[in-house]
Amino acid sequence: MKRKMSVSGAFYPGRAVEIERYFEHFSAVYDEEKTLPQLNSRVVIVPHAGYIYSGYSANIAYRVLRQSGVKKFVVIGPSHKVGFEGASLCDFSSYETPFGDIDASISLHQALKDKFDLPCVLEAHQEHSTEVQFPFIKHYIEDAEIVEIVYSYADATQLCEIIDHILTQPECGVVISTDLSHFHSLSNAARLDNICLEAIENIDVEKLHSGCEACGKLGIEAVLLSAKKVGMKAELLDYSTSADASGDTERVVGYVSACFYD
């Protein structure tokens, strides 16, 4: 069973050549002002809005992730349209992108299914929070294999256990998808998002719960718990808002990218 594209042409262009133009532009703008951190990271937090809004932030994380040489990833994101208990793992053989299909990691899927007995809520896997990551992975990481996990009414400790298991395997990595605060003024968004940024940078779960607004907050909490257990450090890669692209400072969405490393 192939995981078909569901938000192509909406959240990201439907043609590979158009996506490449985005990625080239994002990288060129970044490289004019900064130097890409030379970190061996196999765990990242990335945003999931349309590429015109959050693609720049996400692009940095995938360029860093590529440096690790890791080829197998679990992409974890929140469900925005379908409510269900826990987390969903479906038996896909491949994931469709404008760059071509990404193979599923059959061995990683089976290991997660056996260990955690995760259900398959098929209708939840039309989810943009995970899908917008697939073209980045296909473009930046040659021969990548992935597994998609979408969660709804889940517990951070459940997701943490999954991440813990993945991190015991040096050939595997984790992509955590989240956006930050939604539809506040620019000043209020910055205030709320700074709580999230400080929590991530300091790997501080208590701080995360002191006012952070994020649609993928459970995913952030889970990865912070896992990172703390194994002594990882965190580095913020970028923070931006929708106002950077739209100019609208009254109803702003925040975006962050970050990486974790030993």
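Is Asp143 buried or exposed? Hold that thought for a moment. What you have above is a predicted model. So please read every value as computed.

Back to Asp143. Asp143 is exposed, and its relative accessible area is 61%. The cut-off for exposed is over 50%. Where does Asp143 lie? Look in the loop between α5 (133–140) and β7 (145–151). The backbone there deserves a look too. Most residues other than glycine have a negative phi. Asp143 is not a glycine, yet its phi is positive, about 60°.

There is another residue of this kind to show you. Phe183 has a positive phi of about 65°, and Phe183 is not a glycine either. Phe183 sits in strand β9. Its relative accessible area is 46%, which makes Phe183 partly exposed.

Now stay with β9 and follow its pairing. β9 and β11 run antiparallel and share two bridges. His184 is the residue to find here: it faces Val252 in β11.

That takes us to β11 itself. How many of its ten residues are buried? Ten of ten, so to speak: the strand is mostly covered. Its residues point two ways. One way go Val252, Gly254, Val256, Ala258 and Phe260. The other way go Val253, Tyr255, Ser257, Cys259 and Tyr261. Both sets are buried.

Which other strands pair with β11? Take β10, residues 233–241. Eight bridges join β10 to β11, and the two are antiparallel. Ala234 stands opposite Phe260. Then take β2, residues 41–46. β2 is also antiparallel to β11, over four bridges. Here Val43 stands opposite Phe260. So keep an eye on Phe260: Ala234 is one residue opposite it, and Val43 is another.

Last stop, the largest pocket. How much space lies in it? About 200 Å³. The lining has 13 residues, and the closest to the pocket centre are Phe11, Ala49, Gly50, His128 and Asp179. Which elements give two or more residues to that lining? They are β9 (182–184) and β11 (252–261). We have met both of these strands already, as an antiparallel pair. As for the make-up of the lining, seven residues are nonpolar, five are polar and one is charged.

To recap: Asp143 is exposed in its loop, β11 is mostly covered, and β9 and β11 both contribute to the lining of the largest pocket.

Terms used:
Residues numbered from 1 in each chain as written. Predicted model: local features only at pLDDT ≥ 70, side-chain atom pairs only at ≥ 80, totals over all residues. Heavy atoms only, no water. 1 Å grid on protein atoms, 1.4 Å probe; cavity = no way out; pocket = protein on both sides within 12 Å on 5 of 7 lines; lining within 4 Å. Points joined across faces, edges and corners; volume = space filled by probe spheres on them. Nonpolar A, V, L, I, M, F, W, Y, C, P; charged D, E, K, R; others polar. Buried < 20%, exposed > 50% of the residue type's maximum accessible area, 1.4 Å probe, protein only. Pairing = 2+ DSSP bridges.
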